Structure formats: C-alpha cells, structure tokens
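Work through the exercises below with the sequence and the model side by side. Try each task before reading its solution.

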Amino acid sequence: QVQLAESGGGLVQAGGSLRLSCVASGIIFSNNDMGWYRQAPGKQRELVASITISGSTNYADSVKGRFTISRANAKNTVYLQMNNLKPEDTAVYYCNVPVRGSNLVRGSWGQGTQVTVSS
C-alpha cells in the first residue's frame, strides 16, 4: 500500500518561496515516477509537476519557470521548490505516484499540505 506524507506548506507573501517535501513508502521509490498535485477551493485537483524515474520533468504552464520538482531516491523523497509565488498558487498540495499514460494515481490521497499566498 502506497503511503505519502507531505510537508512544508505555510503562509507566504506574494513573491516568496516555499519548499515542499513528500516521503513515500510502500513502493520501490526509485522505480516510480512521482508527481505534485494541487487543489484550490472550488476547483479540481490538477497535476503541477512530475518527475520520471530517469529525472525528466514536466510542469503545468502556470508554474513553468517558478517551480522545480526534484527527487532523492535514497530518502524516498520528492521535493517541490516554489519560487515567486502568486496568490493563485494558494491550494492544498499533494504528492502521488502517477500511472504513466493516464490520469490515474497509485496511492490514496493524503491530507496534503496547505500553501497560502497573500497579496
């Protein structure tokens, strides 16, 4: 069973930075792609960044150039460095294990970590 624990959220002013972390268990971490998702109030959950087994990354257009996803296989951890944050980045952020070629994920959704950006 895939278990995911996100941390690192908080309240930050526009233009600020945060670094999110997610520790995964129940999987062979190095054999899985990883993704960061977010859900804002009243909106559907969306994929904002993903990283493959080989380290290739993809980003939603809304965060390109501002967010950086990375992974530390020895720590079973995926990170999301968020710079130049905007009020529209306010959301609960989650990590999960995307199923390549689909919109599905392998893990259950955890509690996530709240990111609030004030203007």
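Contact here means heavy atoms within 4.5 Å. Keep in mind that the model is predicted.

**Exercise 1. Thr116 and its neighbours**

Task: Find the strand that holds Thr116, then list what Thr116 touches, leaving out residues up to four places away in sequence.

Solution:
- Step 1. Locate the residue. Thr116 sits in strand β10.
- Step 2. Apply the contact cut-off. Thr116 touches Gly10, Leu11, Val12 and Thr90, with residues up to four places away in sequence left out.
- Step 3. Look for a polar contact. The side chains of Thr116 and Gln114 are joined by one of 3.3 Å.
- Step 4. Compare sequence with space. Thr116 and Leu18 are 98 residues apart in sequence, and their C-alpha atoms are 10 Å apart.
- Step 5. Judge the exposure. Thr116 has 28% relative accessibility, so it counts as partly exposed.

**Exercise 2. The whole chain**

Task: State how many helices and strands the chain has, then decide how its radius of gyration fits the globule rule.

Solution:
- Step 1. Count the elements. The chain has zero helices and 10 strands.
- Step 2. Use the rule. For 119 residues it gives 14 Å, and the chain has a radius of gyration of 13 Å, close to that value, so the chain is as compact as a globular protein of that length.
- Step 3. Take the spans. Along its principal axes the C-alpha trace covers about 40 × 25 × 25 Å.
- Step 4. Check burial. Of the 119 residues, 43% count as buried.
- Step 5. Turn to the surface. The accessible surface comes to about 6,300 Å², and 46% of this belongs to carbon and sulfur atoms.
- Step 6. Sort the contacts. Among those with a separation of 6 or more, 54% are between residues 24 or more positions apart.

**Exercise 3. The disulfide**

Task: Which cysteines form a disulfide, and how far apart are their sulfur atoms?

Solution:
- Step 1. Count. The structure holds one disulfide.
- Step 2. Name the pair. Cys22 and Cys95 form the link, with sulfur atoms 1.7 Å apart.
- Step 3. Place both ends. Cys22 is in strand β3 (residues 18-25) and Cys95 in strand β9 (residues 91-96); the pair links distant parts of the chain, 73 residues apart.
- Step 4. Find the hand. The angle about the S-S bond is 40°, and the link of Cys22 and Cys95 is right-handed.
- Step 5. Check exposure. Both Cys22 and Cys95 are buried.

**Exercise 4. A bridge between loops**

Task: Is Arg100 buried or exposed, and which parts of the chain does its salt bridge with Asp33 tie together?

Solution:
- Step 1. Identify the bridge. The side chains of Arg100 and Asp33 meet at 2.8 Å, N to O.
- Step 2. Place the ends. Arg100 lies in the loop between β9 and β10 (113-118), and Asp33 in the loop between β3 and β4, so the bridge ties together parts 67 residues apart in sequence.
- Step 3. Use the cut-off for exposed, which is over 50%. Arg100 has a relative accessible area of 60%, so it is exposed.
- Step 4. Use the cut-off for buried, which is under 20%. Asp33 has a relative accessible area of 10%, so it is buried.

**Exercise 5. Arg38 and a network**

Task: Place Arg38, then work out which residues are linked with Arg38 in a network of salt bridges.

Solution:
- Step 1. Locate Arg38. Its place is in strand β4 (residues 34-39).
- Step 2. Check burial. Arg38 is buried because its relative accessibility is 6%.
- Step 3. Find its salt bridge. Glu46 pairs with Arg38, the closest N and O atoms being 2.7 Å apart. Glu46 counts as partly exposed, at 31% relative accessibility.
- Step 4. Add another polar contact. The side chains of Arg38 and Ser62 are joined at 3.4 Å.
- Step 5. Scan the contacts of Arg38. Beyond four places in sequence, they include Phe67, Asp89 and Tyr93.
- Step 6. Follow Asp89. Arg66 forms a salt bridge with Asp89, with the closest N and O atoms 2.7 Å apart. This pair links distant parts of the chain: Arg66 is in the loop between β6 (57-59) and β7 (67-72), Asp89 in the loop between β8 (77-82) and β9, 23 residues apart.
- Step 7. Check both ends. Arg66 is buried at 8% relative accessibility, and Asp89 is buried at 0%.
- Step 8. Assemble the answer. Glu46, Arg66 and Asp89 are linked with Arg38 in a network of salt bridges.

Technical notes: Residues numbered from 1 in each chain as written. Predicted model: local features only at pLDDT ≥ 70, side-chain atom pairs only at ≥ 80, totals over all residues. Heavy atoms only, no water. Helix = DSSP H or I, 4+ residues; strand = E, 2+ residues; numbered from the N terminus. Buried < 20%, exposed > 50% of the residue type's maximum accessible area, 1.4 Å probe, protein only. Polar contact = N/O pair within 3.5 Å; in protein donor to acceptor, adjacent residues only side chain to side chain. Disulfide = S-S within 2.5 Å. Salt bridge = Lys/Arg side-chain N within 4 Å of Asp/Glu carboxyl O. Rg over C-alpha atoms; globule rule 2.2 N^0.38 Å. Areas by Shrake-Rupley, 256 points an atom, 1.4 Å probe, with all protein chains shown as cover.
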